[in-house]
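Student: Could you take me through a close look at the aromatic ring pairs of this chain, setting them first within the overall fold and then following the chain to some individual residues?

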Amino acid sequence: MNILVTGAKGFIGKNLVAELRNQNYTNIFEYSKETNQNLLEEYCKKADFVFHLAGVNRPKDKSEFIDGNYGFTTILLNTLKKHHNTCPVLFSSSVQAKLDNPYGISKKAGEDLLFEYGQETGAKVLVYRLPNIFGKWCKPNYNSAVATFCHNIAHDLPITIKDPSITINLIYIDDVVNELINALEGNENTNGDFCKVPKIHNVTLGEITDLLYSFKSSREERTIPDMSSNFTKKLYSTYLSYLPENRFSYDLKMNVDHRGSFTEFIKTPDRGQVSVNISKPGITKGNHWHHTKNEKFLVVSGKGVIRFRKIGSNDVIEYYVSGNKMEVVDIPTGYTHNIENLGDTDMITIMWANELFDSDNPDTYYLEV
């Protein structure tokens, strides 16, 4: 299948082309404003499907709206007609097509042109009125508030919000791309004369910026956001894509002594915390028990033994562990326990606890195994 994508270097186009290639679509004609215009003839002659994503949304002069959003659409459709190519054409319009502003008027004109083209030629026409889109590769300080907020907060720059209570409708770029590929395969979602991306998020500007600032502070606090929220998960992925390239990494606080070190890696409000424990050769750590706190130990390097003794019993249970065998050992409540490094090198253990450490209520009681 030959697929023509206009606006291939834009936000939607770049994401779409990348995913088309992921799904093994190979004959993709990428057309952008930098492309030699003579190639449009060849592309329109051979195309089996057209994604018409090209458009203007931030021109220097308002007259460019009509030229970019209506004029090029005219050229594209006339070229298809010239070659008697009635392949399906998908057009990315905007919800602003319902508004009386230069951008909306130009998008509405493009829609009307597409519908007329479909009636005249019998070609299948798919028009998507898209709301605000967010995700990776969207240009900040251009026409996306989310992209601007992500970029500025990640780069320690100020943001401006006139009214944080304003609600906006957002769709995630991956959901857009999935829908466009569904349309390519004949499975588009329709809403009357138009097509739609079914997954829309209604959020306030204040909610967005509060989340973004929490993402920024989470690196210092060693926390991660609540990924059970679909919107939070998508916004977090978007935020990370705007990190400065020299700030991908961040330091953790290592609690170091003669025995080795203990470092908190990730803390969550509902799923406990993950830490990294390093024990020097011959060192034993632990010798305590818990009422409610429970843990999981995973030795990933070195070798050792985890010992247990049930409170009130004299029987000691031993589990020998090694980085050569990935084995999780549960640490049940009511058992005093320790872990000893039996090797000649540092033993590294990943430890998960079901709750965050609370110095006022540690639920940890010293007792030799």
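**Aromatic pairs in their setting**

Tutor: In this predicted model, the secondary structure of the protein chain comes to 8 helices and 21 strands. The radius of gyration is 29 Å, whereas the globule rule gives 21 Å for 369 residues, a value that the chain is well over, so the chain is more spread out than a compact globule. Taken along the principal axes, the box filled by the C-alpha atoms is roughly 90 × 45 × 40 Å. One pair of residues gives a sense of that extent: the C-alpha atoms of L39 and V369, which are 330 residues apart along the chain, are separated by 77 Å. Of these two, L39 belongs to helix α2 (residues 39-46) and is partly exposed, its relative accessible area being 30%.

Some totals for the chain complete this background before the rings themselves. Of the 369 residues, 44% count as buried, and the accessible surface comes to about 19,500 Å², with 49% of it belonging to carbon and sulfur atoms. Among contacts between residues at least 6 apart in sequence, 72% join residues that are at least 24 apart. As for charge, the chain has 40 positive and 45 negative charges, and their mean positions are 3 Å apart.

Turning to the part you asked about, the count comes to 11 aromatic pairs. One of them is formed by F115 and F194, and this pair is edge-to-face, with 5.6 Å centre to centre and 75° between the planes. Since F115 lies in helix α4 (residues 102-121) and F194 in strand β9 (residues 194-195), the pair ties together parts that are 79 residues apart in sequence. F115 is partly exposed, with a relative accessible area of 24%, and because the cut-off for buried is under 20%, F115 does not fall in that class.

Another of the pairs is made by F215 and Y236, which are likewise edge-to-face, at 5.0 Å centre to centre and with 75° between the planes. Here both partners come from helices, F215 from helix α7 (residues 205-221) and Y236 from helix α8 (residues 230-240), so that the pair ties together parts 21 residues apart in sequence. Both rings belong to residues on the buried side of the cut-off: F215 is buried with a relative accessible area of 1%, while Y236 counts as buried at 16% relative accessibility. Ring pairs also link F134, Y172 and F231 into a cluster.

The loop that follows helix α7 deserves a look as well, for R222 is found there, between α7 and α8. R222 has a positive phi of about 60° although it is not a glycine, and at 19% relative accessibility it counts as buried. Most residues other than glycine have a negative phi, which is the background against which such a value is read. A positive phi, here of about 55°, is also found at H84, again not a glycine. H84 sits in the loop between α3 (63-82) and β4 (89-94), and at 72% relative accessibility it counts as exposed. The two loop residues can thus be set side by side, with R222 buried and H84 exposed.

Definitions and conventions: Residues are numbered from 1 along each chain as its sequence is written. This is a predicted model: local features need pLDDT of at least 70, side-chain atom pairs count only at pLDDT 80 or more; totals for chains, interfaces and linings use all residues. Side-chain values use heavy atoms; hydrogens and water are left out. Helices (H or I, at least four residues) and strands (E, at least two) are DSSP runs, numbered from the N terminus. The radius of gyration is taken over C-alpha atoms; the globule rule is 2.2 Å times the number of residues to the power 0.38. Buried means under 20% relative accessible area, exposed over 50%, partly exposed in between (1.4 Å probe, protein chains only). Contact means heavy atoms within 4.5 Å. Accessible areas come from the Shrake-Rupley method with a 1.4 Å probe; for residues, only the protein chains shown count as cover. Lys and Arg count as positive and Asp and Glu as negative; His and the chain ends are not counted. The place of a charge is taken as NZ of Lys, CZ of Arg, CG of Asp or CD of Glu. Rings of Phe, Tyr and Trp (its six-membered ring) pair if their centres lie within 6.5 Å; planes under 30 degrees apart count as stacked, over 60 as edge-to-face and the rest as tilted.
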